[in-house]
Amino acid sequence: MQGDIKMVKRYRFGSPIETEAVLHKPDITERECEWLKKSEDGFFCRLPQETIVYGLGESIRGINKRGWLYRSFCSDEPEHREDKQSLYGAHNFLLLSGDVYRKEDTEDALPEQKNIGFFFDTPGEIVFDIGYTKRDRMEITFSDFDLELYVMEGESPDEVVSAFRELIGRSYIPPKWAFGYGQSRWSYETADDVRKVAEEHKRLKLPLDSVYLDIAYMERYKDFTIDEKNFGDFDSLVKEMKENRIHLVPIIDAGVKIEEGYDVYEEGKEKGYFCKDENGEDFTVGVWPGKCHFPDMLNEEARHWFGDKYHLLTDRGIDGFWNDMNEPAIFYSEKHLKKVFDRIDELKKENLDVDTYFEMTGLVAGSSNNLEDHKSFYHQYSEMPGEDRIRHDKVHNLYGYYMTRAAAEAFEELVPEKRILLFSRASYIGMHRYGGIWQGDNMSWWSHLLLNIKMMPSLNMCGFLYTGADLGGFGADVTEDLLIRFLSFGIFTPLMRNHSALGTRRQELYLFEKKEEILGVLKMRYRLLPYLYSEFMKAALRGTMMFRPLGFVYREDRIARQTEDQLLLGEELMLAPVHEQNQGGRPVYLPERMKFLRFRKGELLEEEVLERGYTFVEMPLGDICIFLREGHKLPLAESASHRNFENTEDVDYDNLVFCEFGDEIPDYEYYSDDGETKEYSLEKNIRML
Ligand code: GLC
């Protein structure tokens, strides 16, 4: 059953704020929800030991979310550690798979085997205590108990996801070039830095589709400006890159610099488009450019105005953007900083002891992303007729979503025929229709490669298909082996971008010694593109997942249900990436017989049928290891040795070769289109191969 809306129940609590996450709303159910008991400020239910709790999209910890406390509150959180509770996205979807109790059941009642999805649609803060306080209990609390709750049941986790995705509408589809390799750095400081990246890739025959421009391309970090000194020849840079078939992808930040004479600031101020403080004055915060105002993305008129500004770059040949700092991130607010300085002045006179010393350090550290600041500014939200204004914290999780929506809606007007690459750091479910996300400021840590792997299916459930992590890791210094392992998984993720932070070791591919291995990994990405694009498009158009946990398919297999560092890709493949240092291979769990495929330098080197069970597989650096399910085939672009891929345009999507496993293999449903226009159609564009 694909997304039968009838199987979804919708409940309303209090006076919910419209988020526009759900497109297709069933009627409100008057009866009470069977599975969740109401508490004063939320819900709770029993959670039997073996029940898996999938969901929560972008968040820390495992695919099974049990055993921790998560806070849904979009956060500028550069430390994706286990002890954190929130990252940049707020994805309030849970999927319980396994034993579930009806809420009226008594202690001795027997549980039922179920797959149930819950979407808690509210833009404010939620705390999900998933077996954290009590191992066998889940508790969900809301700072404002006003929400729409959607509950969907299915025969399988896949069915639940399809029903959910049907509710929230089709995922964003980027242009095909956005599946190519992208190189980024905070920051390429000059146009020549960008040229150098392109030249080095060309010299070493390393494919490249895009170079990302971080904040240095702007004039003192002002949105929609170009730094004249270092990017004075911006138009020729764009042109040269175009000639080399490379796309430039600039960053856009949420905060607009306060500066007289800067037109975006002047216009926003004059028209009243910025968020206001309690006295109705434009709210002032500090971000990259220093003092800024936040455009009121929730105000329809302001959103339209901000979105239209992207034309300043699309007019100059830009066709891709990344929206950043849109949780929104706040280094400090003018108001709060004053308090901090006043108190520090007092502390200066004291003999700092254990209390006052830590108070002082806490004051400075606590000045960024402070909840008090989120409670001190206001929006004019068009979806709240009758209300003059709404306090930011109550709609906090919508800000990044609506910023990205601003851009996407503008593109529909500016370049209606063309797909534009767009992804964001902050997000809420609903934003998946307007853009993708990257997984934020990870670190060059092995544990973050594992986190990247685990996040893929959780994000897919929530509709975020175009996604990927900063390959190599953003913060901290990368090592060559970590970079190659990151890439070896990253070749499967729709967004494949290498990005790293200011002050860290340079991470461009051409700077490393193992050139053959790196080239081989990249070649494999381009050979996989016909398949990856096809799988992506089918997942987007059918509302399915590209990456699934093993437990979705091998539901009766206890080991598969507990395996979190292997994933299924499409119906065909299983991936088992190496994610630990100094490991030349790894144990792999095969939930069924599969054909193991080893690719080296982009060529198939070895294939072997492996039986069900555990096996140790050698995976030296640079080898791409894929497990093909029985009764399936994997289409690949022609052998890389016949072609030198410079970028996605060199991939021949028509002449494919196949790796196959099984005696009777049904045709592969191959989706292919021009990758540029919006003529999406399963009927027209699928061929059976
Ligand atoms: C934020 C982004 C990061 C970017 C940096 C500078 O930390 O997450 O990707 O490089 O800002 O713009």
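Where is Pro328 found in this predicted model?

**View 1. Two cis peptide bonds, each with a residue placed in a loop.** Pro328 is found in the loop between strands β18 (320–324) and β19 (332–333). The peptide bond that joins Glu327 and Pro328 is cis, and its omega angle is about 0 degrees. A cis peptide bond also runs from Trp186 to Ser187, again with omega near 0 degrees. Ser187 has its place in the loop that lies between strand β12 (181–183) and helix α2 (191–203).

**View 2. Lys205 and Tyr221, which have positive phi angles although neither is a glycine.** Lys205 lies in the loop between α2 and β13 (210–213), and its phi is near 60 degrees. With a relative accessibility of 48%, Lys205 counts as partly exposed. Tyr221 is placed in the loop between β13 and α3 (228–231), and its phi is about 60 degrees. Tyr221 is partly exposed as well, since its relative accessible area is 34%.

**View 3. Arg419, a buried residue in a loop.** The loop that holds Arg419 runs between helix α12 (399–414) and strand β22 (421–424). Arg419 counts as buried because its relative accessibility is 2%, which is under the 20% cut-off. The side chain of Arg419 reaches the backbone oxygen of Pro174 at a distance of 3.0 Å. When neighbours within four places in sequence are left aside, the residues in contact with Arg419 include Ile173, Pro174, Pro175 and Lys176, and among them are also Tyr533, Asp673, Glu676, Lys678 and Tyr680.

**View 4. The salt bridge between Glu148 and Arg12.** In this pair, the closest N and O atoms are 2.8 Å apart. Glu148 lies in strand β11 (residues 147–154) and Arg12 in strand β1 (residues 8–13), so the salt bridge ties together parts of the chain that are 136 residues apart in sequence. The two partners can be compared by their accessibility: Glu148 is buried, with a relative accessible area of 5%, whereas Arg12 is partly exposed, with a value of 46%. A search of the whole structure finds 70 salt bridges. Some of these residues are linked in a network, which is made up of Lys9, Glu34, Arg102, Glu112, Lys114 and Glu153.

**View 5. The salt bridge between Arg343 and Glu359.** The closest N and O atoms of these two residues are 2.6 Å apart. Because Arg343 lies in helix α8 (residues 334–348) and Glu359 in helix α9 (residues 354–365), the pair ties together parts that are 16 residues apart in sequence. Arg343 counts as partly exposed, at 23% relative accessibility, and Glu359 counts as partly exposed too, at 30%.

**View 6. The salt bridge between Glu412 and Lys678.** Here the closest N and O atoms are 3.0 Å apart. The pair links distant parts of the chain, with Glu412 in helix α12 and Lys678 in the loop between β38 (669–671) and α18 (682–685), 266 residues apart. Glu412 is partly exposed at 46% relative accessibility, and Lys678 is partly exposed with a relative accessible area of 27%. Lys678 is also one of the residues in contact with Arg419.

**View 7. Aromatic pairs, one tilted and one stacked.** A pair of aromatic rings is described by the distance of the centres and the angle of the planes. The whole structure contains 51 aromatic pairs. In one of them, Tyr273 and Trp305 form a tilted pair, with 5.2 Å from centre to centre and 45 degrees between the planes. Tyr273 lies in the loop between α5 (263–271) and β16 (285–287) and Trp305 in helix α6 (residues 300–308), so this pair ties together parts that are 32 residues apart in sequence. Both Tyr273 and Trp305 are buried. Tyr526 and Phe645 form a stacked pair, with 5.9 Å between centres and 25 degrees between the planes. This second pair links distant parts of the chain, 119 residues apart, with Tyr526 in helix α15 (residues 515–542) and Phe645 in the loop between β36 (632–637) and β37 (656–661). Tyr526 is buried at 0%, and Phe645 is buried at 2%.

**View 8. Arginines placed over aromatic rings.** The charged end of Arg46 sits over the ring of Tyr101, 3.6 Å from the ring centre. Arg497 lies over the face of Trp438, at 5.3 Å from the ring centre. Trp438 also belongs to a cluster linked by ring pairs, whose members include Tyr172, Phe423, Tyr533 and Phe536.

How values were computed:
Residues numbered from 1 in each chain as written. Predicted model: local features only at pLDDT ≥ 70, side-chain atom pairs only at ≥ 80, totals over all residues. Heavy atoms only, no water. Helix = DSSP H or I, 4+ residues; strand = E, 2+ residues; numbered from the N terminus. Buried < 20%, exposed > 50% of the residue type's maximum accessible area, 1.4 Å probe, protein only. Polar contact = N/O pair within 3.5 Å; in protein donor to acceptor, adjacent residues only side chain to side chain. Contact = heavy atoms within 4.5 Å. Salt bridge = Lys/Arg side-chain N within 4 Å of Asp/Glu carboxyl O. Phe/Tyr/Trp six-rings, centres within 6.5 Å; stacked < 30°, edge-to-face > 60°. Lys NZ or Arg CZ within 6 Å of the ring centre and 35° of its normal.
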